[in-house]
Amino acid sequence: MTNVPGAGFVAILGAAAVALALPLLAGVSLLVAGLTRRRLLVVLPAVHALAVVVGVASLWTGTAPGTPDLSVAAAVGLLRFVGGGIAVGLLVALLFEGGPVAVGALATVLLRDADYARGVWCATAGYATAGVGGAVSGLLLTGDLLGGVLGALLAVPGALLGPLVDATATRLGVSVPVA
């Protein structure tokens with residue numbers, strides 16, 4: 001008997017990390033897009049790709065003491081790994097964040113007669129708010145990481161509340177910084 005976790009356990013840990021990270025990254029994307037006045041559809045993949053690069057870099061530097069010396073072959077291998085990580089990370093974000101946000105944006109366009117960029121903004125705001133709020137609530141209520149992961153899953157129905165976010169923003173007079 002070994003202490004090496006199986007592939008199923010690693011997959012469950014990966015899914016839990018994704019459930020916790022995606023709503024937070026969506027919120028960071030909203031903040032960056034609002035501060036820089038860039039289009040959210042451009043900022044979202046950039047923030048996610050940067051998160052993958054930071055994650056790989058922290059994994060790499062966290063396992064070796066000091067600054068490791070890299071040979072050219074190791075540097076090329078690391079760059080290929082980062083490139084693959086970015087591709088897989090963006091694909092996962094496209095499926096598990098982009099799908100609900102696209103449906104929420106479409107609902108906002110159809111139900112609130114808004115343009116698509118505003119619909120994406122409102123659906124992403126719903127996704128981020130519900131996901132981060134659900135994760136924090138789950139952690140506080142249960143005191144367990146599983147509660148946080150299950151709470152973060154509220155991001156999906158939160159994205160579908162894009163029309164409600166748009167109606168609330170309109171009623172409160174909040175402008176959505178859509179470039």
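Okay, so let's start with Arg37, which counts as exposed because its relative accessibility is 56%, over the 50% mark. One thing to keep in mind throughout: what we're looking at is a predicted model.

Where does Arg37 sit? In the loop between H1 and helix H2, and H2 covers residues 40-63. Arg37 follows H1, and its phi is positive, about 60°, although Arg37 is not a glycine. Now, in general, most residues other than glycine have a negative phi. That's the reason I picked this spot to begin with.

There's another residue like that, Asp113. Asp113 isn't a glycine either, and its phi is positive, near 55°. You'll find Asp113 in the loop between helix H3, residues 72-112, and helix H4, residues 116-142. Buried or exposed? Exposed, because the relative accessibility of Asp113 is 71%. And while we're on loops, have a look just after H4: Gly143 takes a positive phi there, about 70°. In that case we do have a glycine.

Let me zoom out for a second. The protein chain has 7 helices and 0 strands, so if you read along from the N terminus, you go α-α-α-α-α-α-α. There are 179 residues in the chain, and 30% of them are buried. If you take the contacts between residues at least 6 apart in sequence, 68% of them join residues at least 24 apart.

Back to H1, then. H1 runs over residues 7-36, which is 30 residues. From first C-alpha to last, H1 reaches 41 Å, and at 1.5 Å a residue you'd expect 44 Å, so the two are close. Where's the kink? At Ala21, about 25°, shortly before the proline, Pro23.

Pro23 is also one of the buried residues in H1. The others are Ala16, Ala19, Leu22, Leu25, Ala26, Ser29, Leu30 and Ala33. Not everything in H1 is tucked away like that, though. Ala17 lies in H1 too, and Ala17 counts as partly exposed because its relative accessibility is 43%.

So what does H1 pack against? One partner is helix H5, residues 145-152. The axes of H1 and H5 are 9 Å apart, and the packing angle is about 55°, which means the two helices count as oblique to each other. The crossing of H1 past H5 is left-handed.

If you want to find that contact on screen, pick Ala16, Ala19, Leu20 and Pro23 on the H1 side, and Leu145, Gly148, Val149 and Ala152 on the H5 side. Notice Pro23 in that group again; that's the proline that comes shortly after the kink at Ala21. You can also look at the C-alpha atoms of Ala17 and Val149: the two residues are 132 apart along the chain, and those atoms are separated by 8.0 Å.

Now for the other helix pair, H4 and H7. H4 has 27 residues and reaches 38 Å from its first C-alpha to its last, close to the expected 39 Å at 1.5 Å a residue. H7 covers residues 162-172, and H4 and H7 pack at about 105° with their axes 8 Å apart. With that angle, the two helices come out as roughly perpendicular to each other. On the H4 side, the contact is made by Arg118, Cys122, Ala123, Ala125 and Gly126, and on the H7 side by Gly162, Val165, Asp166, Ala169 and Thr170.

Two of those H7 residues deserve a closer look. Take Asp166, in helix H7. Asp166 counts as buried because its relative accessibility is 2%. Which residues does Asp166 touch, leaving aside its neighbours within four places in sequence? Thr108, Arg112, Ala114, Arg118 and Cys122.

Then there's Val165, also found in helix H7. Val165 is partly exposed, because its relative accessible area is 27%. Again leaving aside neighbours within four places in sequence, Val165 is in contact with Cys122, Ala125 and Gly126. For Val165 and Cys122, the C-alpha atoms are separated by 5.7 Å, although the residues are 43 apart along the chain.

So that's my tour: the positive phi at Arg37, the kink in H1 at Ala21, and the two helix pairs, H1 with H5 and H4 with H7. Happy to rotate the model if anyone wants to see one of these spots again.

Note on methods
Residues numbered from 1 in each chain as written. Predicted model: local features only at pLDDT ≥ 70, side-chain atom pairs only at ≥ 80, totals over all residues. Heavy atoms only, no water. Helix = DSSP H or I, 4+ residues; strand = E, 2+ residues; numbered from the N terminus. Bend = angle between axes of the 7 residues up to and from the residue. Buried < 20%, exposed > 50% of the residue type's maximum accessible area, 1.4 Å probe, protein only. Axes fitted to C-alpha atoms, helices over the stretch in contact; angles between N-to-C directions. Parallel < 35°, antiparallel > 145°, perpendicular 65-115°, else oblique. Left-handed = near helix turned anticlockwise from the far one by under 90°. Contact = heavy atoms within 4.5 Å.
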